[in-house]
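Colleague: Could you walk me through this one slowly? I am still learning how to read such pictures.

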Amino acid sequence: STLTEKWSNFSIGKYVAIVALEQCQHYKDDFNSEHEEYWNLHSHIDKITENFREFNEQWKSLTAGS
């Protein structure tokens with residue numbers, strides 16, 4: 001499905017101001033259940049970022065001309 005199709009049923013009106021902890025948890029659960037792909041991609045990007053950090057540290061430790 002296209003992005004437009006995925007978001008065509010979205011309504012910001014179902015989200016009102018949070019006034020109770022239960023509401024907060026409901027919104028959090030709703031967000032998490034609808035955004036599994038986001039979390040998977042986020043995890044993947046974190047791993048890649050860590051690899052670049054490690055490569056950068058290795059690069060810094062190399063001597064010029066080696």
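Modeller: What follows goes from the overall build to single residues, and please keep in mind that this is a predicted model.

Colleague: Okay, how many helices and strands does the protein have?

Modeller: The secondary structure comes to 3 helices and 0 strands, and if you read along the sequence you meet them in the pattern α-α-α.

Colleague: And what share of the residues counts as buried?

Modeller: Of the 66 residues of the protein, 6% count as buried. The protein exposes about 6,300 Å², and carbon and sulfur atoms supply 60% of that area.

Colleague: Let's take α2 then. How far apart are its end C-alpha atoms?

Modeller: Helix α2 covers residues 21-34, and its end C-alpha atoms are 20 Å apart. That agrees with expectation, because 14 residues at 1.5 Å a residue should span 20 Å.

Colleague: Which residues of α2 are buried?

Modeller: In α2 the residues Gln-23, Tyr-27 and Asp-30 are buried. They cover an arc of only 65° around the axis, so they sit on the same side of α2.

Colleague: Hm, why would residues at separate places in the sequence point the same way?

Modeller: An α-helix has 3.6 residues a turn, so residues three or four places apart point the same way.

Colleague: Which residues are on the face turned away from the buried side?

Modeller: That face of α2 carries the exposed residues Leu-21, Glu-22 and Ser-33.

Colleague: Back to Asp-30 for a second, why does it count as buried?

Modeller: Asp-30 has a relative accessibility of 12%, and because buried means under 20%, Asp-30 falls into that class.

Colleague: What does Asp-30 touch?

Modeller: If we leave out residues up to four places away in sequence, Asp-30, which lies in helix α2, touches Lys-14 and Tyr-15.

Colleague: New topic: how many salt bridges does the structure hold?

Modeller: The structure holds 2 salt bridges. In one, the side chains of Glu-50 and Arg-53 meet, at 3.4 Å from N to O, while in the other Lys-60 pairs with Glu-57, whose closest N and O atoms are 3.6 Å apart.

Colleague: Where do the partners sit relative to each other? I mean Glu-50 and Arg-53 first.

Modeller: Glu-50 and Arg-53 are 3 residues apart in helix α3, so about one helical turn separates them. Lys-60 and Glu-57 also both lie in helix α3, and they too are 3 residues apart, about one turn of the helix.

Colleague: And are Lys-60 and Glu-57 buried or exposed?

Modeller: Lys-60 counts as exposed, at 53% relative accessibility, whereas Glu-57 counts as partly exposed at 49%. The cut-off for exposed is over 50%, which is why the two residues get separate labels. Glu-50, from the other pair, is partly exposed, with a relative accessible area of 35%.

Colleague: Last one, which residues make the nonpolar surface patch?

Modeller: Phe-31, Tyr-38 and Trp-39 make that patch, which comes to about 310 Å². Tyr-38 is found in helix α3, residues 36-61, and at 42% relative accessibility Tyr-38 counts as partly exposed.

How values were computed: Residues are numbered from 1 along each chain as its sequence is written. This is a predicted model: local features need pLDDT of at least 70, side-chain atom pairs count only at pLDDT 80 or more; totals for chains, interfaces and linings use all residues. Side-chain values use heavy atoms; hydrogens and water are left out. Patches are made of residues with over 30% relative accessible area and no salt bridge: like charges are joined within 9 Å, nonpolar side chains (Val, Leu, Ile, Met, Phe, Trp, Tyr) within 5 Å. Accessible areas come from the Shrake-Rupley method with a 1.4 Å probe; for residues, only the protein chains shown count as cover. A salt bridge is a side-chain nitrogen of Lys or Arg within 4 Å of a carboxyl oxygen of Asp or Glu. Helices (H or I, at least four residues) and strands (E, at least two) are DSSP runs, numbered from the N terminus. Buried means under 20% relative accessible area, exposed over 50%, partly exposed in between (1.4 Å probe, protein chains only). The expected span of a helix is 1.5 Å times one less than its number of residues. The arc is that of the directions from the helix axis to the C-beta atoms. Contact means heavy atoms within 4.5 Å.
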